[in-house]
Amino acid sequence: MNYIIINNKKIELNNVSEDTPVLWVLRDHLNLTGTKFGCGVGMCGACTVLVDGVATRGCQTLLSEVKEKKITTIENSEDKEMNILRMHWKEEDVAQCGYCQPGQIMNATGLLKENSKPSEEDILDAMDGNICRCGTYNRIKTAIFKASKDI
Amino acid sequence: MGITRRDFIKNSSILTTAFVVGFNIPIKGKAAAILKNNILEPNAFVQIDKDNSITFILGQAEMGQGAYSGLAQCIADELDAKWDEIVFKAAPVAPVYNKPGSTIMITGGSGTIRYHQENVRKVGAVIRLMLKKAAAKRWKVSLSDISTKDSYVTNTKTNEKFAYGDLVDDIQKMKLPNDVKLKNPKEYRLMGKPLKRHPIEVQEKITGKGIFGIDVRLENQKYAALIHPQVFGAKIKSYDDSVAKTMAGVLKIKQLPNNTIAVIAEHWWQAKQAVDTIVVQWDTGEFVKTSTADLKKEYRSYFEKDIHSMRKDGDTKKAIHNASHVVEAEYYFPFLAHAPMEPINCTVYHDKDKALLVVGSQMQNLSRDKCAQILEIEPQKIEYHNTYLGSSFGRRGAVNFDFIIDASYVAKNEPWPVMTLWTREDDIKMANYRPMAVSRAKMAVDNDGNITAFESDIVNQSITQGTIFEKFMFKNGIDKTQREGLENHPYKVTSHNLRAFCPQSPIPVLWLRSVGHTISAPIVENIIDQAAVASKIDPMDFRIKNLQDARFINLLKNVAKQSNWYKREKNSGYGVAIAKSFGSIVAYVVKVKLKEKDFKVEKVWCAVDCGYSFNPLNVENQIISSVNFTLGYVKYAEITIKDGAAEQNNFYDYNVARISDAPDSINVEIINSGEKIGGIGEPGVPPMFAAVINALYDVTGKRYTSFPIKLG
């Protein structure tokens with residue numbers, strides 16, 4: 001039996017080809033459309049999810065690689081770091097078009113889980129793979145920095 | 001049987017936010033006019049329910065610029081509705097939402113607030129007055145004894161209250177008043193305040209619940225992936241789909257009339273994998289011999305020809321002959337892809353003489369009409385839904401409607417709703433680029449530092465020629481977008497000779513955020529910088545001396561002060577630029593630092609005069625957006641042509657700004673001059689290009705006039 005754990009729920013997947021990227025499993029098979037398609041080549045970060053707590057590009061990760069692993073997506077409402085980040089995302093008025101924001105928040109969550117007190121350089125390093133075409137970067141930096149103070 | 005949304009909505013919890021339109025919209029005959037006897041059709045914009053829930057219906061597309069929240073702020077203030085509790089929906093296609101004075105629904109030209117604020121405010125004000133009148137009648141008191149706040153009407157004598165929803169039946173029977181007055185600024189509760197984006201929109205965007213076009217899920221929906229021609233203008237000779245046909249999930253493979261092949265499958269990833277196995281034989285035509293170098297050479301050749309005159313006054317030849325200083329430069333602006341974050345998509349369900357069209361578009365009624373034309377049905381038989389746009393920058397307002405056409409052909413006569421979704425590569429290579437431009441400019445200055453001549457030639461493809469916009473925007477061989485910012489630059493100049501030409505090619509071109517100003521502002525603001533240096537006058541002072549409009553001068557003085565311009569740090573480059581576009585003026589000083597063979601814009605100081613700022617926080621956010629957006633085009637992005645096709649594919653060879661490119665600080669000061677209201681989505685872009693190249697000159701002594709900038 002194939003299963004993955006998404007946002008703490010065990011989900012069986014028997015009719016999905018194992019070489020399907022996690023991004024498309026989430027979006028087209030499970031209707032979890034918060035995880036976004038941006039480039040399909042791991043260059044923009046819009047598809048970022050957490051796999052066992054580590055920020056991972058959903059478009060570059062196959063279903064076969066995440067079997068029985070824990071996946072966290074933007075739809076998760078219980079993750080501590082995510083919720084602190086969300087609070088500061090609101091406070092800094094970050095989102096514009098909003099399309100890249102799930103990937104930004106997931107990637108920032110991965111960062112804070114690994115390093116709860118990142119320096120500015122750590123933030124830039126971690127977030128440089130996440131494109132925001134609206135250019136909300138200055139707000140993102142501040143939101144992550146302030147969130148790290150709250151953790 | 002009409003198509004109802006219920007037939008198609010698979011996951012209603014996802015679609016609810018975007019798709020409810022449950023009230024009367026005046027779309028017939030004369031009622032369609034936005035103003036009838038100077039009074040709006042209020043129920044097209046505002047729905048008040050008996051439980052006091054208030055819904056705004058907005059015809060402007062939300063693509064990141066804050067259109068929904070900004071309009072809602074205007075309506076809610078005039079209506080005295082409770083800000084946190086209002087909700088908003090995308091409007092359907094109806095003339096009542098057209099840009100005033102036009103026949104189109106369009107979100108562009110930074111026009112949401114400047115073209116629509118007055119009308120939507122009237123809606124709010126009319127309804128508030130009606131609610132007050134209804135309450136006064138019930139309580140038998142005069143209007144002066146009634147106040148309104150947070151979606152309640154209060155009797156100021158007794159403190160009794162009615163929720164707005166309690167008065168719905170009363171106001172439905174009431175005639176629309178014609179004695180309505182808009183609030184004066186002292187009465188504003190929301191307008192002019194730095195409100196954050198509306199909380200409902202924000203919540204949707206930070207939880208993944210917001211519905212973009214790509215997130216649409218209809219009952220029995222299928223997905224299509226495409227093969228587009230790579231060489232511009234190429235035609236399909238034949239193709240081999242023998243492998244694709246056998247692949248899991250594949251439902252149909254078809255050649256579309258626009259030289260595109262579509263695979264429709266159960267899931268998009270299946271369609272995409274199948275597409276990758278199809279081998280196409282192309283008839284590439286003549287354009288396959290073309291490269292960027294060829295185009296540059298062709299464009300330059302027009303400088304020597306008798307091209308179209310854009311502005312000619314005074315005697316530039318004589319002025320140049322008599323000048324103390326003459327500067328000249330040639331500029332190159334590459335083709336640029338918009339690369340909006342959300343890949344291009346459109347969902348169509350064709351059901352005999354009816355259809356459903358769901359897409360994020362900047363031009364709703366024209367998109368609908370194009371779909372109807374392809375499906376060969378009446379436009380009114382299409383139910384249209386606009387979604388959030390995962391940014392756009394003009395791309396989803398394509399004048400050739402390429403993605404609407406693709407999706408309409410894909411779904412035509414098929415039994416399912418089909419989402420046609422492009423890959424990132426489809427978008428980067430399919431064009432609709434900001435036109436490539438080659439330009440030259442010459443400026444003459446007399447002994448006293450006065451500008452005596454400005455000559456410029458500009459050569460780029462027309463955005464509007466051959467489109468429905470041609471009749472308004474293409475005249476005497478010149479595209480209006482070539483004129484903007486160039487023929488009406490703000491400086492006192494005693495003679496002009498400005499010329500333009502529009503060559504043609506099979507490469508489709510399109511407006512990119514700030515359009516012609518992305519070309520004219522770098523030209524004007526760079527050549528003037530060169531003139532200042534040649535005249536040995538500080539570039540800030542030279543501008544101030546040669547400007548005539550006090551608004552411009554005021555902004556320059558502001559950024560000079562902010563940046564401590566006259567006591568600039570050594571070892572850094574400082575550049576100044578100013579430009580007016582879309583009704584607003586933006587001035588920048590930027591500080592640039594060289595890092596080995598690279599450079600970084602470390603600090604940005606900005607002053608903006610948009611007449612009146614309805615939301616200073618959003619103005620600041622749009623400036624931050626404009627700065628970072630522009631830096632990607634200054635430093636990295638360029639579409640080059642080789643063998644008739646774009647050489648770039650995806651974000652690995654078409655780079656945009658990333659977080660490490662963002663300046664350490666962007667300081668924004670807003671001047672409410674009280675002049676006519678301007679836009680804010682675009683005006684921050686044009687002067688940014690120029691400020692950076694001027695700063696690079698300051699630190700390197702070299703004039704970089706070819707974008708993107710490569711040091712060394």
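1. Chain A of this predicted model has a secondary structure of five helices and five strands. Reading from the N terminus, the elements follow the order β-β-α-β-β-β-α-α-α-α. The radius of gyration of chain A is 15 Å, close to the 15 Å that the globule rule gives for 151 residues, so chain A is as compact as a globular protein of that length.

2. A few overall numbers for chain A may help you get oriented. The C-alpha trace spans about 45 × 30 × 25 Å along its principal axes. Of the 151 residues in chain A, 58% count as buried. If we take the contacts in chain A between residues at least 6 apart in sequence, 60% of them join residues at least 24 apart.

3. Now to the sheet, which is worth following strand by strand. It is open, has five strands of chain A in the order β2-β1-β5-β3-β4, and its pairing is mixed. At the edges sit β2 (9–12) and β4 (54–57) of chain A, each pairing on one side only. From one strand to the next, the twist averages 40 degrees.

4. Within that sheet, have a look at β3 (residues 48–51) and β5 (residues 70–72) of chain A: these strands run antiparallel and are joined by two bridges. Which residue of β5(A) is the bridge partner of A:V51? The partner is A:I71.

5. Helix α3 (residues 101–114) of chain A lies across β3 and β4 of chain A. Its direction is at about 35 degrees to β3(A).

6. Next, the contact between the chains. Chain A brings 44 residues to the contact and chain B brings 49 residues. On the side of chain A that touches chain B, α1 (22–29), α2 (80–91), α3, α4 (120–127) and α5 (137–149) of chain A each supply at least two residues. Which of these helices gives the most? That is α5(A), with four residues. By residue type, the side of chain A that touches chain B divides into 22 nonpolar, 14 polar and eight charged residues.

7. One helix of chain B also deserves a look: α19 (residues 616–635). How does its length compare with expectation? At 1.5 Å a residue, the 20 residues of α19 of chain B should span 28 Å, and the end C-alpha atoms are 29 Å apart, which agrees. Is α19(B) mostly covered or mostly exposed? This helix is mostly covered, with 18 of its 20 residues buried.

Conventions
Residues numbered from 1 in each chain as written. Chains lettered and ligands numbered in written order. Predicted model: local features only at pLDDT ≥ 70, side-chain atom pairs only at ≥ 80, totals over all residues. Pairing = 2+ DSSP bridges. Axes fitted to C-alpha atoms, helices over the stretch in contact; angles between N-to-C directions. Contact = placed C-beta atoms within 7 Å. Rg over C-alpha atoms; globule rule 2.2 N^0.38 Å. Buried ≥ 20, exposed ≤ 12 C-beta atoms within 10 Å, placed from the backbone. Expected span 1.5 Å × (residues − 1). Nonpolar A, V, L, I, M, F, W, Y, C, P; charged D, E, K, R; others polar.
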